Amino acid sequence: MSIGTFLEEIENNKKKKLKDLGDRLSRDKAALQGNADLAIKDATTHYSTEATIRSEQEATRIIEAAKLQAKKIIFEAVNVKMDSIFAQIKTEIANYTKTPEYNSTLKKMASTAQRSLGKNIGIGCKEEDRSSFNDLGVNVTKTISTIGGLTAENMDRTMELDLTFEELLRIHEDEIRATIMEAFV
């Protein structure tokens, strides 16, 4: 074998190895590109799904916050309306105290107080209501500031009964509010 043939064979082996390495590099490069494309596709799908989920969660949070704000506004409006209605009730009660029926109501309240506390009681009432108790034999012991009604106490001052309209409204406020709320619904 001559040196020329030997060099040619080395050159051919070199070309063959370079070709094999080039082919292998192309295959590896194609495999890596395929893996990269698959990884990019998976990442895109994952983050796209995650973005959709997060945007849905954010949309849900915003909607729920808006619902809560709307409920708060409705609650505040109902409270303003309730306050207005209670002010109207107090006005109507004040108007009622100027009617002849009010005098009869005061007498019934005094009789109720006597049944609860005994015959000998002291009455607290508005100054203009004093005359209503003259024929009942009860003692008006104090003047109170009230829309109407009375307070009563036994003579040894150990028991008291508050029958003022303000107290009666306070006692029955929950029932009144429930009735008004039913009218709104």
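This report describes a predicted model, beginning with its confidence and then taking up the sheet, the nonpolar core and several single residues.

**Basis and confidence**

Residues are numbered from 1 along each chain as its sequence is written, and side-chain values use heavy atoms, with hydrogens and water left out. Because the model is predicted, local features need pLDDT of at least 70 and side-chain atom pairs count only at pLDDT 80 or more, while totals for chains, interfaces and linings use all residues. The pLDDT is the predictor's confidence in each residue, from 0 to 100; its mean over the chain is 88, and 98% of the residues reach 70 or more. Confidence is lowest in helix H4 (residues 173-184), with a mean of 83, and highest in S4, at 94. Helices (H or I, at least four residues) and strands (E, at least two) are DSSP runs, numbered from the N terminus.

**The sheet**

Four strands form an open sheet in the order S2-S1-S3-S4, with mixed pairing, where two strands pair if DSSP finds at least two bridges between them. Strand S2 (139-143) and strand S4 (160-164) are the edge strands, each pairing on one side only. On average, and with direction ignored, neighbouring strands of this sheet are turned by 25° against each other; axes are lines fitted to C-alpha atoms, for helices over the stretch in contact, and angles run from 0 to 180 degrees between N-to-C directions. Helix H2 (residues 100-117) packs on the sheet, where it touches strand S1 (121-125), S3 and S4, and its direction makes about 20° with that of S3. Contact here means heavy atoms within 4.5 Å.

The pairings of the sheet are set out below.

| Strands | Sense | Bridges |
|---|---|---|
| S1 and S2 | parallel | four |
| S1 and S3 | antiparallel | four |
| S3 and S4 | antiparallel | five |

Isoleucine 123 has a bridge partner on either strand beside S1, namely valine 140 in S2 and alanine 152 in S3. Between S3 and S4, glycine 149 has threonine 164 of S4 as its bridge partner.

Strand S1 is mostly covered, since five of its five residues are buried, buried meaning under 20% relative accessible area, exposed over 50% and partly exposed in between (1.4 Å probe, protein chains only). In a regular strand the side chains alternate between the two faces of the sheet. In S1, Ile121, Ile123 and Cys125 point one way, whereas Gly122 and Gly124 point the other way.

**The nonpolar core**

A nonpolar core is a set of buried Ala, Val, Leu, Ile, Met, Phe, Trp, Tyr and Cys residues joined through side-chain atoms within 4.5 Å. The largest such core has 20 residues, and those with the most contacts inside it are Leu106, Met109, Ile121, Ile123, Phe133, Leu150 and Ala152. Helix H1 (3-96), H2, S1, S3 and helix H3 (165-171) each supply at least two of its residues, and H2 gives the most, with six. Apart from residues up to four places away in sequence, methionine 109 touches Gly149, Leu150, Leu163, Phe165 and Leu168.

**Single residues in strands**

Glycine 122, in strand S1, counts as buried because its relative accessibility is 3%. Not counting residues up to four places away in sequence, glycine 122 touches Asn139, Thr141, Thr151, Ala152, Glu153 and Met155. Glutamate 153 lies in strand S3 and is likewise buried, with a relative accessible area of 12%; beyond four places in sequence, glutamate 153 touches Leu117, Ile121, Gly122, Met159 and Glu160.

**Single residues in loops**

Threonine 146 is found in the loop between S2 and S3 and counts as buried at 13% relative accessibility. The side chain of threonine 146 makes a polar contact of 2.5 Å with the side chain of glutamate 166, a polar contact being a pair of N or O atoms within 3.5 Å of which, within protein, one must be able to donate a hydrogen and the other to accept it, and residues adjacent in sequence count only if both atoms are side-chain atoms. A polar atom of the same side chain, that of threonine 146, lies 3.1 Å from the backbone oxygen of glycine 148. Leaving aside neighbours within four places in sequence, threonine 146 is in contact with Lys126, Thr164, Phe165 and Glu166.

Arginine 157 is placed in the loop between S3 and S4, where it is exposed, with a relative accessible area of 60%. Although arginine 157 is not a glycine, it has a positive phi of about 60°.
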